[in-house]
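The following questions and answers guide a first-year student through one protein model. Please keep the sequence and the structure in view while reading.

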Amino acid sequence: MQLISPSSVLSAPHPVQILVRRLVILLLLLLIVPIVVSAGKYALGDRSVSWQAADRSSAGLLPPAAAHPEALVRVFAARTVRWRGIFAVHSWIVVKPANATRYTRYDYTAWGEPVRVNGFVADGRWFGDEPQLIAAADGEAAASMIPKIEAAIKSYKLNAYGDYRAWPGPNSNTFVAAALAAVPELKTTLPPTAIGKDYPWDGGWIGWTPSGTGIRATLGGYCGLTLGWIEGVELNLFGAVLGLDLRRPAIKLPGLGRIGLSPI
């Protein structure tokens, strides 16, 4: 019969401790491995063209404005410039009232006028990266959204020189998230790689999600938790977002973004 000394019993890890350690290790792997994979994709990509000379022409995602008489709202996102694209995307909003002959694009940037109007092609590549469609509305639905979006942009408070911060915000994604909060009927959310979307543009550390379907708590954009029907479940740790979409099944990973069904 083998005797167990009291000291060995006291030093043995408790099952709860073991479970916590395993969960911490799993969490770290889910946060770190996707970023490493994204970094590998960046390293293997074509970097022969400098970002200054990168393609910013139309990606052909929008019809000619004059040929589309209905009102239109689009939200796009594309990988941001240089190595920062490993982690993050830049997002923007495009609107067109009914019968308008041109699109209006709204961006928030770190250079020039913070809120830029038609500074770039409406569906243009973002320094070489082709944009992805995040949300869309047409016709009467879009027509009712446009005044709300424009009012939210006009009243956006973080629009002075020096307000922009790439991390944790306010940045382009903070700006778009604030505009989307004015039109919860669009029923959309920015991708997990939209670093800055969780920055509290309204100054509150807890409140409704932009879609109005859940609750978001954030500590200055550095850390936070989001629970919503449209947003799903998201854990933000220093800008790295890990989450799960139950409405349109998908997992959300830092660096790699959304993997699963399309959000629209």
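**Questions on a predicted model**

Q: Which strands does helix α2 lie across, and at about what angle does the helix run to β10?
A: The model discussed here is predicted. Helix α2 covers residues 15-44 and lies across β9, β10 and β11, the last of these spanning 250-253. Relative to β10, helix α2 runs at about 110°.

Q: What is the order of the strands in the open sheet of 7 strands?
A: Strands of a sheet pair through backbone hydrogen bonds, and the pairing may be parallel or antiparallel. In this sheet the pairing is antiparallel. The order of the strands is β6-β7-β8-β9-β10-β11-β12.

Q: Why is one side of β6 and of β12 left without a neighbour in the sheet?
A: β6 (206-208) and β12 (257-260) stand at the edges of the sheet. One side of each has no neighbour there because each has a single partner strand.

Q: Which residue of β7 stands opposite Trp-208?
A: β6 and β7 (residues 214-219) run antiparallel and are joined by 3 bridges. Opposite Trp-208, in β7, stands Ile-215.

Q: What is the order of the strands in the open sheet of 5 strands, and which are its edge strands?
A: The pairing in this sheet is antiparallel, and the order is β4-β3-β2-β1-β5. An edge strand pairs on one side only, and this holds for the two strands at the ends of that order. The edge strands are therefore β4 (115-117) and β5.

Q: What is the bridge partner of Val-73 in β5?
A: β1 and β5 run antiparallel, with 6 bridges joining them. For Val-73, the bridge partner in β5 is Ala-137.

Q: Which element gives the largest share of the largest nonpolar core?
A: The largest nonpolar core has 31 residues, and Val-73, Val-75, Ile-149, Leu-186 and Leu-190 touch the most other members. The elements that give two or more residues to this core are β1 (72-79), β2 (89-96), β3 (104-108), β5 (132-138), α3 (139-154) and α4 (172-180). The largest share is 6 residues, and it comes from α4.

Q: How many residues are in the other core, which lies apart?
A: Among the members of this other core are Trp-92, Val-94, Trp-126 and Phe-127. The number of residues in this core is 14.

Q: At about what angle does α4 run to β2?
A: α4 lies across β1, β2, β3 and β4. Its direction relative to β2 is given by an angle of about 40°.

Q: What is the volume of the largest cavity?
A: A search of the whole structure finds 5 cavities of 30 Å³ or more. The residues that line the largest cavity include Ala-177, Leu-180, Leu-190 and Lys-197. Leu-190 is also in contact with Ala-177, Leu-180 and Lys-197, among others. The volume of the largest cavity is about 110 Å³.

Q: Which prolines in the loop between α3 and α4 follow a cis peptide bond?
A: Most peptide bonds are trans. The bond that joins Trp-167 and Pro-168 is cis, with omega about 0°, and Pro-168 is found in the loop between α3 and α4. The bond from Gly-169 to Pro-170 is cis as well, with omega near 5°, and Pro-170 lies in this loop too. The residues asked for are Pro-168 and Pro-170.

Q: Is Asn-99 buried or exposed?
A: Asn-99 is found in the loop between β2 and β3, and its phi is positive, near 70°. Exposed means over 50% relative accessible area. Because its relative accessibility is 62%, Asn-99 counts as exposed.

Q: What is the phi of Phe-238?
A: Most residues other than glycine have a negative phi. Phe-238 lies in the loop between β9 (232-237) and β10 (240-245) and is exposed, with a relative accessible area of 56%. Although Phe-238 is not a glycine, its phi is positive, at about 55°.

Q: How far apart in space are Trp-229 and Phe-76, C-alpha to C-alpha?
A: Trp-229 is in the loop between β8 (223-228) and β9, and at 53% relative accessibility it counts as exposed. Leaving aside neighbours within four places in sequence, Trp-229 is in contact with Thr-213 and Arg-247. Trp-229 and Phe-76 are 153 residues apart in sequence, and their C-alpha distance is 21 Å.

How values were computed:
Residues are numbered from 1 along each chain as its sequence is written. This is a predicted model: local features need pLDDT of at least 70, side-chain atom pairs count only at pLDDT 80 or more; totals for chains, interfaces and linings use all residues. Side-chain values use heavy atoms; hydrogens and water are left out. A nonpolar core is a set of buried Ala, Val, Leu, Ile, Met, Phe, Trp, Tyr and Cys residues joined through side-chain atoms within 4.5 Å. Buried means under 20% relative accessible area, exposed over 50%, partly exposed in between (1.4 Å probe, protein chains only). Helices (H or I, at least four residues) and strands (E, at least two) are DSSP runs, numbered from the N terminus. Contact means heavy atoms within 4.5 Å. Axes are lines fitted to C-alpha atoms, for helices over the stretch in contact, and angles run from 0 to 180 degrees between N-to-C directions. On a 1 Å grid over the protein atoms alone, a cavity is a set of points where a 1.4 Å probe fits but cannot get out, and a pocket is an open set with protein on both sides within 12 Å along at least five of seven lines; lining residues have an atom within 4 Å of a point. Grid points are joined across faces, edges and corners, and a volume is the space filled by probe spheres set on the points.
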